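Reader: Hello! Could you take me on a close look at the surroundings of the ligand in this model? I'd enjoy one connected account.

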Amino acid sequence: MIKISPSLLAADFSKLDTCISRIEDSADMLHLDVMDGMFVPNISFGPGVISDIRKTSGLIFDVHLMITNPMRYIAEFAKAGADIITIHYESCDNQIEVLKAIRELGVKPSISIKPATPAFILEPLLEYVDMVLVMTVEPGFGGQSFIPETCESVRTLSQMIAASGRNIDIEVDGGITAGTIRAAYDAGANVFVAGSSVFKAADPAAAIAELRKVCE
Ligand code: DX5
Ligand code: ZN
């Protein structure tokens with residue numbers, strides 16, 4: 001069963017409530033992109049916004065931290081209502097410590113790699129995570145084109161996870177549309193972030209159904 005995690009970054013920020021309600025019944029998760037203007041050259045939103053929308057949505061909150069030294073903020077994001085917190089491998093030197101701390105806060109830990117970071121680097125971290133996130137674009141902005149070469153990382157992780165015997169989701173993020181999702185699915189991904197292709201669609205729920213259909 002695949003999971004679709006629409007990225008709120010592509011929603012109209014003046015109508016968050018309406019945008020979320022349009023996908024509430026058809027999405028599996030809500031992907032929340034947190035950017036600090038340091039780790040990535042863009043600034044989005046923080047725990048205050050997440051805790052406000054937590055009151056209106058029952059979706060699994062899939063929080064993607066694109067911030068330097070994430071240890072500083074994980075408690076705040078847990079308190080704001082995150083169900084999953086993804087940190088970037090490239091954002092700190094204490095990945096294991098941060099992943100353990102996320103779990104201690106009662107949140108599912110996840111780790112992400114940028115397109116150029118080799119997937120094998122995550123092998124020693126698999127025992128600490130419930131999900132891995134392969135960026136299929138350079139993190140920082142929505143609306144970019146899917147980088148097909150990143151499917152190699154998905155394939156490598158899929159094999160590494162199978163060999164470990166662990167139950168770990170593989171999420172892909174960036175440029176996921178009805179035209180690109182199948183390649184990532186075939187490579188072994190089972191959780192799909194989709195920003196523009198869902199929230200910029202005239203009918204976001206229909207766009208989600210279309211993404212699912214392509215993977216059937
Ligand atoms: C990019 C973000 C993505 C982005 C995806 O840094 O992590 O989640 O919002 O947007 P689309 O689907 O438009 O590429
Ligand atoms: Zn993201």
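Author: Happily; what follows starts with the chain as a whole and then moves in to the ligand. Please keep in mind that this is a predicted model, with every value computed from it.

The chain has eight helices and eight strands. Its radius of gyration is 16 Å, close to the 17 Å that the globule rule gives for 216 residues, so the chain is as compact as a globular protein of that length. Along the principal axes, its C-alpha atoms fill a box of roughly 40 × 35 × 30 Å.

Now to the part you asked about. The largest pocket is the space taken by ligand 1. Three elements each give two or more residues to the shell around this ligand: β2 (29-35), β3 (60-66) and β8 (191-194). Of these, β2 provides the largest share of the shell, three residues.

Who are the neighbours? There are 20 residues surrounding ligand 1, and the closest are Asp33, Gly140, Asp173, Gly195 and Ser196. Sorted by class, the shell holds eight nonpolar, 10 polar and two charged residues.

Let's go down to the atoms, where oxygen atoms of the ligand meet the protein. In Asp33, a side-chain N or O atom is 2.7 Å from an oxygen atom of ligand 1. Gly140 takes part through its backbone: one of its backbone N or O atoms lies 2.7 Å from a ligand oxygen atom. His31 uses its side chain, with a polar atom 3.4 Å from an oxygen atom of ligand 1. As for cover, ligand 1 has 380 Å² of accessible area on its own, and the protein covers 99% of that.

How values were computed
Residues numbered from 1 in each chain as written. Chains lettered and ligands numbered in written order. Predicted model: local features only at pLDDT ≥ 70, side-chain atom pairs only at ≥ 80, totals over all residues. Heavy atoms only, no water. Near = heavy atom within 4 Å. Polar contact = N/O pair within 3.5 Å; in protein donor to acceptor, adjacent residues only side chain to side chain. Areas by Shrake-Rupley, 256 points an atom, 1.4 Å probe, with all protein chains shown as cover. 1 Å grid on protein atoms, 1.4 Å probe; cavity = no way out; pocket = protein on both sides within 12 Å on 5 of 7 lines; lining within 4 Å. Sits in = over half its atoms within 2 Å of the grid points. Helix = DSSP H or I, 4+ residues; strand = E, 2+ residues; numbered from the N terminus. Nonpolar A, V, L, I, M, F, W, Y, C, P; charged D, E, K, R; others polar. Rg over C-alpha atoms; globule rule 2.2 N^0.38 Å.
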